[in-house]
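Colleague: Could you walk me through this model, step by step? I would like to start with how its contacts are spread along the chain.

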Amino acid sequence: MAVETEVLNELRRLRTRLPELTGALAAGADGLVLAEDMPDVQPEGLAALTAAALGVGRRMVDLAARGEFRELLVRGAGGCLATYAAGPSAVLTLLADDRTNVGRLHLEGRRSGARIAELLAARPLDDGPVVQGGEPPVPRFRGRVLGALPVRIPPQSRYEP
């Protein structure tokens, strides 16, 4: 079974466990859709914005010396959008209505993000690049991590491109 199919199955299981979810999206750090279960949202646009948010989130936690990026929560009047790291090269984004239990959303989102990271790390060689240790490489272009915004990093930052 292709990795994309397995990731889509994980998204569907997640939506079954959390009926308050209105959509789920797995994307690469480069902003390309891996799998989506979002009936009312344009997945390509959201994947691109999610990749940008991932880059900003990674830089924010780095500059604040808070370790690795794990998640980002954005609340709107009609609900929330939560983004979770899914390994070094992917991200999981969940859309939930305003009555969702945010603690449960985080619990299930973290679990699914970890599962998606496992699926991507275990993919066969012909399904994408894999390096030592089974971890997929962080997508880069001209030395920069894809999905990261080009922001000047102050000298005191520990960020290493």
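Modeller: Happy to. Contact here means heavy atoms within 4.5 Å. Of the contacts in the chain with a separation of 6 or more, the share from residues 24 or more positions apart is 52%.

Colleague: What should I know about the model before reading on, and what is the mean pLDDT of the chain?

Modeller: This is a predicted model, in which local features need pLDDT of at least 70 and side-chain atom pairs count only at pLDDT 80 or more, while totals for chains, interfaces and linings use all residues. Residues are numbered from 1 along each chain as its sequence is written, and side-chain values use heavy atoms, leaving out hydrogens and water. pLDDT is the predictor's confidence in each residue, from 0 to 100. In this chain 76% of the residues reach 70 or more, and the mean pLDDT is 81.

Colleague: Which element has the lowest mean pLDDT?

Modeller: Elements are DSSP runs numbered from the N terminus: helices are H or I with at least four residues, strands are E with at least two. Over residues 125-134 the pLDDT is below 50. Where pLDDT is low, the predicted coordinates should not be read in detail. Among the elements, β5 has the highest mean, 94, and the lowest, 50, belongs to strand β6 (residues 140-141).

Colleague: How many helices and strands are there, and in what order do the elements run?

Modeller: The count for the chain is three helices and seven strands. Read from the N terminus, the order is α-β-β-α-β-β-β-α-β-β.

Colleague: Which strands are at the edges of the open sheet?

Modeller: Two strands pair if DSSP finds at least two bridges between them. Five strands make up the open sheet, with antiparallel pairing, in the order β2-β1-β5-β4-β3. The strands that pair on one side only, and so form the edges by that pairing rule, are β2 (33-37) and β3 (71-76).

Colleague: Over how many bridges do β1 and β5 pair?

Modeller: In this pair, L21 stands opposite A96 in β5. Strand β1 covers residues 21-28 and strand β5 residues 90-97; they pair in the antiparallel sense over seven bridges.

Colleague: At what angle does helix α2 run to β1?

Modeller: Axes are lines fitted to C-alpha atoms, for helices over the stretch in contact, and angles run from 0 to 180 degrees between N-to-C directions. Helix α2 (residues 43-63) lies across β1, β2, β3, β4 (79-85) and β5, and its angle to β1 is about 65 degrees.

Colleague: Where do the buried residues of α1 sit around the helix axis?

Modeller: Buried means under 20% relative accessible area, exposed over 50%, and partly exposed in between (1.4 Å probe, protein chains only). In α1 the buried residues are V3, V7, L8, E10, L11 and L14. Their arc, taken from the directions from the helix axis to the C-beta atoms, is only 155 degrees, which puts them on the same side of α1.

Colleague: What covers those buried residues?

Modeller: Helix α1 (residues 3-17) packs on the sheet, where it touches β1, β2 and β5. The cover of its buried residues includes β1, β2, β5 and α3 (102-121).

Colleague: Is S112 buried or exposed?

Modeller: S112 belongs to helix α3. Leaving aside neighbours within four places in sequence, its contacts are E10, L14, R17 and L92. With a relative accessible area of 0%, S112 is buried.

Colleague: And how far apart in space are A35 and L8?

Modeller: A35 lies in strand β2 and, at 6% relative accessibility, counts as buried. Not counting residues up to four places away in sequence, A35 touches E4, V7, L8, L11, L25 and A26. A35 and L8 are 27 residues apart in sequence, and their C-alpha to C-alpha distance is 5.2 Å.
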